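Student: Please take a close look at one part of this model for me: the surroundings of the ligand. Add a word on a couple of glutamines elsewhere if they help.

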Amino acid sequence: MTARSSFVVVANRMPVDQVITETGREWQRSPGGLVTALHPVLAARGGTWVGWAGGVGDAPEPFEMEGVHLHPVPLTADDLERYYEGQSNATIWPLYHDAVETPTYRRRWREAYREVNARFAAAADEVSAHGATVWVQDYQLQLVPAMLRERRPDLKIGFFLHIPFPPIELFMQMPQRAEILHGLLGADLVGFQQRLAAQNFVRLARHLLGLRYSGHVIKVEDRQVKSRAFPISIDTTEMEQLAASPTVQARAKQIRAELGDPATVVLGVDRLDYTKGIELRLKAFRELLAEGRMAVPDTVMVQVATPSRERVEHYQTLRLRVEQEVGRINGDFGRVGMPAVHYLHQSYNRTELAALYVAADVMMVTPLRDGMNLVAKEYVAARGDSGGALLLSEFAGAASEMRQAFLVNPYDPEAVKEVLLKAATVEPAEARRRMRTMQRQLRTYDVNRWAHSFLNELGE
Ligand code: GDG
């Protein structure tokens, strides 16, 4: 008999990873803001997290960890290929990011997406107590709200989209468009990163389904669906404390020394994803070196590109292009023991990431489109010394809040170069002023605040 909870989170991934220890395999809570924010709410209410535990075939039995019930949903190898890599990451992901890569449409992927969403909805139904609040997360599960409401009209259902929501013209390409829209409209509250996205959604409901709306409330039969923006944030205190710790401070110094104590360290930290604008960042750096406006070893670049979605074709070709560009820059401008770009296709722990943030003079965050971009926020929180400069794309959700960053249009190569030079040579007093304003904002609006605003609006 499964325990039923009054608060349930449904997400593609469970917030835990299986690790191998001396005593065998065990589960560990995975790092990340979403988990940190939701854990207290879940623990206080004996809540349940429904999600995929990783791996294919049979799912582990439901278990409990740190006061939270975990309810794994199984995925087969076919599901993984069609629902996850296919429909989620080769259709929806590129389409919702302004189609910066061409989305691929496949009937079999759509069918798998429907089947897997139904499986998640059934699991959420199973663990939800009467009248429970269920919070569904992200683009992999857009059909779940309606599927769940169909089974359980007693539930209060919220949905949050972590990635951008596209303009109507782009959304209309999708073969499954009405089904997805109906799916989302099964929620009582649909949350987005940005106000414009929430507005797009309301207008789309009228355009595609002829639904009436007033302000941010859409009328769906006898119900009301609210569409609002809730910009996500980070656990600001945690990052501030981590970055200020003696271990991180010492490691940051060591990193600078290992880089040859350059005057300027330029940093990029991203999942290796074509939306993140890694190539344009490298090209800007190459051209500045070629024009003699920057020079090695005075300036060096570090690019962490965490491996991501490696079986999806767009990601394989991106990796080739990025590595070719890195090779070209180092071939042209590096010297023995002194590369211009330190490229790291690896995943790091939080301590090392924080040390990189502390070590960097300019943080380049240049996505072509991004729901929010937490790296930008983490960098700012990590700079307790109020040093450093954040170069930020106007197309990241974070740009709406972080107006004191060095904002740039990533599609304009000359602008990227100018702004990079400006950020690298900013007067310390001005850099501090910019940083402090952004830090104040991050301290008030952290990830806890985000979760609570959403849940309040949902009527919790
Ligand atoms: C999606 C949306 C939205 C990166 N490398 C390592 C590592 N990271 C961590 C960062 C940061 C997170 O991963 C990445 O978050 P982002 O927000 O930058 O980007 P997405 O992964 O695309 O996230 C995005 C977000 O959802 C939340 O709503 O902001 O727009 O696309 O926290 O620090 N963490 C560790 N090792 C690494 O090598 N431990």
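**The ligand and its shell**

Tutor: Each of domain 1 (5-232 + 448-459) and domain 2 (236-444) supplies at least three residues to the shell around the ligand. Keep in mind that this is a predicted model.

Start with who is there. The ligand has 19 residues around it. Those that come nearest are His162, Arg271, Tyr348, Asp370 and Glu378. By character, the shell splits into 8 nonpolar, 6 polar and 5 charged residues.

Now the polar atoms. Take Glu378 to begin with. An N or O atom in its side chain sits 2.5 Å from an oxygen atom of the ligand. Tyr348 takes part through its backbone instead: a backbone N or O atom there is 2.4 Å from a nitrogen atom of the ligand. Gln193 uses its side chain, where an N or O atom is 3.1 Å from an oxygen atom of the ligand.

How much of the ligand is covered? Alone, the ligand exposes 740 Å², and the protein buries 83% of that area. Two elements give two or more residues to the shell: helix 12 (350-359) and helix 13 (374-382).

Next, the glutamines. Gln87 belongs to helix 2, which spans residues 77-96. The relative accessible area of Gln87 is 1%, so this residue counts as buried; the cut-off for buried is under 20%. The side chain of Gln87 makes a polar contact of 3.3 Å with the side chain of Thr91. Setting aside residues up to four places away in sequence, Gln87 touches Arg82, Ile92, Arg106, Trp109, Arg110, Tyr113 and Gln176. Three arginines are in that list: Arg82, Arg106 and Arg110.

Gln28 gives a second case. Gln28 is part of strand 3, residues 24-29. Its relative accessibility is 40%, so Gln28 counts as partly exposed. That class lies between the 20% and 50% cut-offs. Beyond neighbours within four places in sequence, the contacts of Gln28 are Pro15, Val16, Asp17, Val19 and Met65. Pro15 is 13 residues away from Gln28 along the chain, and their C-alpha atoms are 8.6 Å apart.

Put the two side by side. Gln87 is buried at 1%, whereas Gln28 is partly exposed at 40%. Gln87 sits in a helix, and Gln28 in a strand.

Back to the ligand for a last check. Glu378 and Tyr348 are both among the residues that come nearest. The protein buries 83% of the ligand's area.

Definitions and conventions: Residues numbered from 1 in each chain as written. Predicted model: local features only at pLDDT ≥ 70, side-chain atom pairs only at ≥ 80, totals over all residues. Heavy atoms only, no water. Helix = DSSP H or I, 4+ residues; strand = E, 2+ residues; numbered from the N terminus. Buried < 20%, exposed > 50% of the residue type's maximum accessible area, 1.4 Å probe, protein only. Contact = heavy atoms within 4.5 Å. Near = heavy atom within 4 Å. Polar contact = N/O pair within 3.5 Å; in protein donor to acceptor, adjacent residues only side chain to side chain. Areas by Shrake-Rupley, 256 points an atom, 1.4 Å probe, with all protein chains shown as cover. Nonpolar A, V, L, I, M, F, W, Y, C, P; charged D, E, K, R; others polar. Domains from an automatic or database assignment.
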